[in-house]
Amino acid sequence: MSTLSWTPPAPARLGITLETHIMEEMRGTPGATGSFTSLLNLIGMAGKLISSRVRAAGLADALGWTGQTNVQGEEVQKLDEYANDVLCTVLERRSHCGMLASEEMEEPLLLGPDPRARYVVLFDPLDGSSNIDVNVSIGTIFAILRRDGEGLGPTTANDALRPGRDLVAAGYIMYGSSTVLVYTTGHGTGVHGFTYDPSVGEFFLSHENIRCPPRGKTYSINEGNSSLWTEPVRRWNAWLKEDAKPEGRPYGQRYVGTLVADAHRTLLKGGIFAYPADTKSPSGKLRLLYEANPFAFIFEAAGGVAIDGTQRILDLQPTGLHQRTPLILGSKDDVADFEDFMAGRR
């Protein structure tokens, strides 16, 4: 075979570190200064620290309730508090962030008028609090906004109240049988997953260019709320469970109760996750800034869809830091079926 016609295979990227992956993305971005790269690496560092405490929680007096409730009216677990403190401490470094906002904090943490502080980070420090004490997967969710323009003044809470389509990055870290970090910087860059190897202290690329299948075989919803559902949601749920094998039904039901775990499975395997509005929570239950927007950004970058029942999540205009919303996300065909039921087309 002529060597002139031979093209060497593309080098395998699986196994490269998170830091290397982020650096390679930076090199392909005109005008990059390195601050965004540094910020993403800081989030990875925070994930390592939280993962270490989660894995030793039963031995480090880190389980249980602190005796306090957060702004959401929920009991604050010790690991919630620890994860929030770690993220705030780590992200305050290097003057990248002008503001941090967390599901656990009533008010945002304003970090000063440093002109280098162009980023706003929004996070749920430890999603799945009810599962902490029973050793079920939990996770950290994050979203990043950038303040653009010259002569930026002090950061205010309004810097966080922007539609999800303005995000420059989003991701999550799931603490389960292994610790996995998934992130994206938007359309065209892909969604990539990294598995943490505690023996060497690094995240390694394990899921390159994740794509959400156009249709799945499972649905994820809290059926304990069925008495509160609207009639269209009940009909959709019943339709999914009908015996119609030529159409791929019935769907299997999978529900962990940790958004990170349920969404991660849906992202990889396809299907649909739904936490719709109901008579108890007509405005929805999940937080727009800390949960819905980050996952909507991730799913759209992976070819999936995220809506509040009728509207695209990323187009919603936030009006408050702790605003709630319904959330339906997953495979595009499965979400389209849900929309048909909500619109009365089925």
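Start by selecting the cysteines: the disulfide count here is 0, taking a disulfide as a pair of cysteine sulfur atoms within 2.5 Å. Show C88 and C97, and you'll find that the C88 sulfur lies 10.0 Å from the closest cysteine sulfur, the one in C97, which is too far for a bond. C97 is likewise in no disulfide, its nearest cysteine sulfur being that of C88, 10.0 Å away. C88 counts as buried because its relative accessibility is 7%; C97, at 3%, counts as buried too. (Buried means under 20% relative accessible area, exposed over 50%, and partly exposed in between, with a 1.4 Å probe and protein chains only.)

Before moving on, a word on what you're looking at. This is a predicted model, in which local features need pLDDT of at least 70 and side-chain atom pairs count only at pLDDT 80 or more, while totals for chains, interfaces and linings use all residues. Residues are numbered from 1 along each chain as its sequence is written, and side-chain values use heavy atoms, with hydrogens and water left out.

**The whole chain**

Zoom out and colour by secondary structure. The protein chain has 7 helices and 17 strands; these are DSSP runs numbered from the N terminus, helices being H or I with at least four residues and strands being E with at least two. Of the 346 residues, 52% are buried. The chain exposes about 15,400 Å², with carbon and sulfur atoms supplying 52% of that; the areas come from the Shrake-Rupley method with a 1.4 Å probe, and for residues only the protein chains shown count as cover.

**An open sheet**

Now select strands 11, 12, 13, 15 and 17. These 5 strands form an open sheet in the order 12-11-13-17-15, with mixed pairing. Strand 12 (252–253) and strand 15 are the edges, each pairing on one side only. Two strands count as paired if DSSP finds at least two bridges between them.

Walk across from the strand 12 edge. Strand 11 (residues 218–220) runs parallel to strand 12, joined by 2 bridges, and T218 stands opposite G252. Further along, strand 13 (residues 272–275) pairs with strand 17 in the antiparallel sense over 4 bridges; click A274 and look across to its bridge partner, I328. Strand 15 (residues 305–307) is antiparallel to strand 17 as well, through 3 bridges, and here A306 has L329 as its partner.

Stay on strand 17 (residues 327–330). Are its faces covered or not? Both are: L327 and L329 on one side and I328 and G330 on the other are all buried.

**Two helices**

Select residues 288–301 for helix 6. All the way along, 14 of the 14 residues are buried, so this helix is largely enclosed by the rest of the structure. Just past its end, G303 takes a positive phi of about 90°.

Next, take residues 259–269, helix 5, where 9 of the 11 residues are buried. The buried ones run L259, V260, A261, D262, A263, H264, R265, T266 and L267. Just after this helix, G270 has a positive phi of about 85°.

Keep helix 5 on screen and add M174 from strand 7 (residues 169–175). M174 counts as buried because its relative accessibility is 11%. Leaving out residues up to four places away in sequence, M174 touches S137, I138, G139, T179, V180, V260, A261 and H264, a contact being heavy atoms within 4.5 Å.

**D334 and the salt bridges**

Move to D334 in helix 7 (residues 332–342). D334 counts as buried because its relative accessibility is 3%. Its side chain reaches the backbone nitrogen of G216 at 2.8 Å. Beyond its neighbours within four places in sequence, D334 contacts P214, R215, G216, Y251, G271 and I272.

Show the charged side chains next. There are 20 salt bridges, each a side-chain nitrogen of Lys or Arg within 4 Å of a carboxyl oxygen of Asp or Glu. D334 belongs to a network of them with R215, D337, D340, R345 and R346. Within it, D340 pairs with R345, their closest N and O atoms 2.8 Å apart; D340 is buried at 18% relative accessibility, whereas R345 is exposed at 56%.

For a last stop, select D243 and K245, a salt bridge with its closest N and O atoms 2.9 Å apart. D243 counts as exposed at 61% relative accessibility, and K245 counts as exposed at 61%.

How values were computed. Polar contact = N/O pair within 3.5 Å; in protein donor to acceptor, adjacent residues only side chain to side chain.
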